[in-house]
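Biologist: I have a new structure to look at with you. Shall we take it step by step?

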Amino acid sequence: QVQLVESGGGLVQAGGSLRLSCAASGNIFSINSMGWYRQGPGKQRELVADISGGSANYAYTVKGRFTISRDNAKNTAYLQMNSLKPEDTAVYYCNAVLLAHGSKHLETYWGQGTQVTVSS
């Protein structure tokens with residue numbers, strides 16, 4: 001069994017910063033990629049950023065403001081969010097594509113989500 005546990009969400013004023021963390025644990029052999037998605041009120045879930053190896057990919061709406069990083073030794077991903085805007089308000093979900101021990105195929109796992117609210 002694999003678990004992703006997110007932390008770091010909360011309420012912040014526009015222009016402020018937050019740092020999200022996502023720790024993966026359990027029956028993990030290797031992690032191919034980790035990422036962050038978000039779902040705002042009345043919206044579909046969308047990719048915010050992901051990282052595979054040393055390569056990061058960002059949604060154009062957060063480029064230059066958000067930074068994704070990963071600590072491979074800790075199986076943990078981080079999302080540093082700066083210059084936050086009210087439109088960044090959403091539930092943020094951690095995602096990992098990984099190979100579990102004994103498995104022959106990559107599988108996708110999701111965290112439970114953490115609320116980020118940006119007030120104007």
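Biologist: How many aromatic pairs does the structure hold?

Modeller: Keep in mind that this is a predicted model. Two rings pair if their centres lie within 6.5 Å. By that rule, the number of aromatic pairs in the structure is 1.

Biologist: Are the rings of Tyr37 and Trp110 stacked, tilted or edge-to-face?

Modeller: A pair of aromatic rings is described by the distance of the centres and the angle of the planes. The centres of Tyr37 and Trp110 are 5.0 Å apart. Planes over 60 degrees apart count as edge-to-face. The planes here stand at 70°, so the pair is edge-to-face.

Biologist: How many residues apart are Tyr37 and Trp110?

Modeller: Tyr37 lies in strand β4, residues 28–39. Trp110 lies in strand β10, residues 107–110. The pair links distant parts of the chain, and the separation is 73 residues.

Biologist: Is Trp110 buried, partly exposed or exposed?

Modeller: Buried means under 20% relative accessible area, and exposed means over 50%. Tyr37, its partner, has 22% and is partly exposed. Trp110 has 38%, so Trp110 counts as partly exposed.

Biologist: Now to charges over rings. Which residue has its charged end over the ring of Tyr93?

Modeller: Two arginines come up here. Arg19 lies over the face of Tyr78, at 4.1 Å from the ring centre. For Tyr93, the charged end sits 3.7 Å from the ring centre and belongs to Arg45.

Biologist: How many salt bridges does the structure hold?

Modeller: Side chains of opposite charge can pair when their charged atoms come close. Glu46 and Arg38 meet this way at 2.8 Å, N to O. Asp88 and Arg38 do so at 3.0 Å, and Asp88 and Arg65 at 2.7 Å. The number of salt bridges in the structure is 3.

Biologist: Which residues are linked in a network of salt bridges?

Modeller: Follow the shared partners. Arg38 bridges to Glu46 and also to Asp88. Asp88 bridges in turn to Arg65. The network is therefore made of Arg38, Glu46, Arg65 and Asp88.

Biologist: Where in the chain is Arg65, the partner of Asp88?

Modeller: Asp88 and Arg65 meet in a salt bridge of 2.7 Å, N to O. The two are 23 residues apart, and the pair links distant parts of the chain. Asp88 is in the loop between β8 and β9, while Arg65 is in the loop between β6 (55–58) and β7 (66–71).

Biologist: Is Asp88 buried or exposed?

Modeller: Buried means under 20% relative accessible area. Among the bridge partners of Asp88, Arg65 is buried at 11% and Arg38 is buried at 6%. Asp88 has a relative accessibility of 0%, so Asp88 counts as buried.

Biologist: Is Glu46 buried, partly exposed or exposed?

Modeller: Glu46 forms a salt bridge with Arg38. Partly exposed covers values between the 20% and 50% limits. The value for Glu46 is 36%, so Glu46 counts as partly exposed.

Biologist: Which side chain joins that of Arg38 in a polar contact of 2.9 Å?

Modeller: Arg38 sits in strand β4. One polar contact, of 3.0 Å, joins its side chain to that of Asp88. The polar contact of 2.9 Å joins the side chain of Arg38 to that of Tyr92.

Biologist: Let us turn to the nonpolar part. Which strand gives the largest share of the largest nonpolar core?

Modeller: In soluble globular proteins, nonpolar side chains tend to be buried together. The largest nonpolar core here has 30 residues, and those touching the most other members include Trp36, Val48, Phe66 and Tyr92. Strands that each supply at least two residues include β1, β3, β4 and β5. The largest share, 6 residues, comes from β9.

Biologist: Which of the most-touching core members are in contact with Val48?

Modeller: Set aside the neighbours of Val48 within four places in sequence. Its contacts then include Tyr37, Arg38 and Asn57. The contacts that are also among the most-touching core members are Trp36, Phe66, Leu79 and Tyr92.

Biologist: One last spot. How far apart in space are Gly10 and Ser25?

Modeller: Gly10 is in strand β2, residues 10–13. Its contacts, leaving aside neighbours within four places, are Leu18, Gln115, Val116 and Thr117. Gly10 and Ser25 are 15 residues apart in sequence. From C-alpha to C-alpha, their distance in space is 23 Å.

Notes:
Residues numbered from 1 in each chain as written. Predicted model: local features only at pLDDT ≥ 70, side-chain atom pairs only at ≥ 80, totals over all residues. Heavy atoms only, no water. Phe/Tyr/Trp six-rings, centres within 6.5 Å; stacked < 30°, edge-to-face > 60°. Helix = DSSP H or I, 4+ residues; strand = E, 2+ residues; numbered from the N terminus. Buried < 20%, exposed > 50% of the residue type's maximum accessible area, 1.4 Å probe, protein only. Lys NZ or Arg CZ within 6 Å of the ring centre and 35° of its normal. Contact = heavy atoms within 4.5 Å. Salt bridge = Lys/Arg side-chain N within 4 Å of Asp/Glu carboxyl O. Polar contact = N/O pair within 3.5 Å; in protein donor to acceptor, adjacent residues only side chain to side chain. Core = buried A, V, L, I, M, F, W, Y, C linked by side-chain atoms within 4.5 Å.
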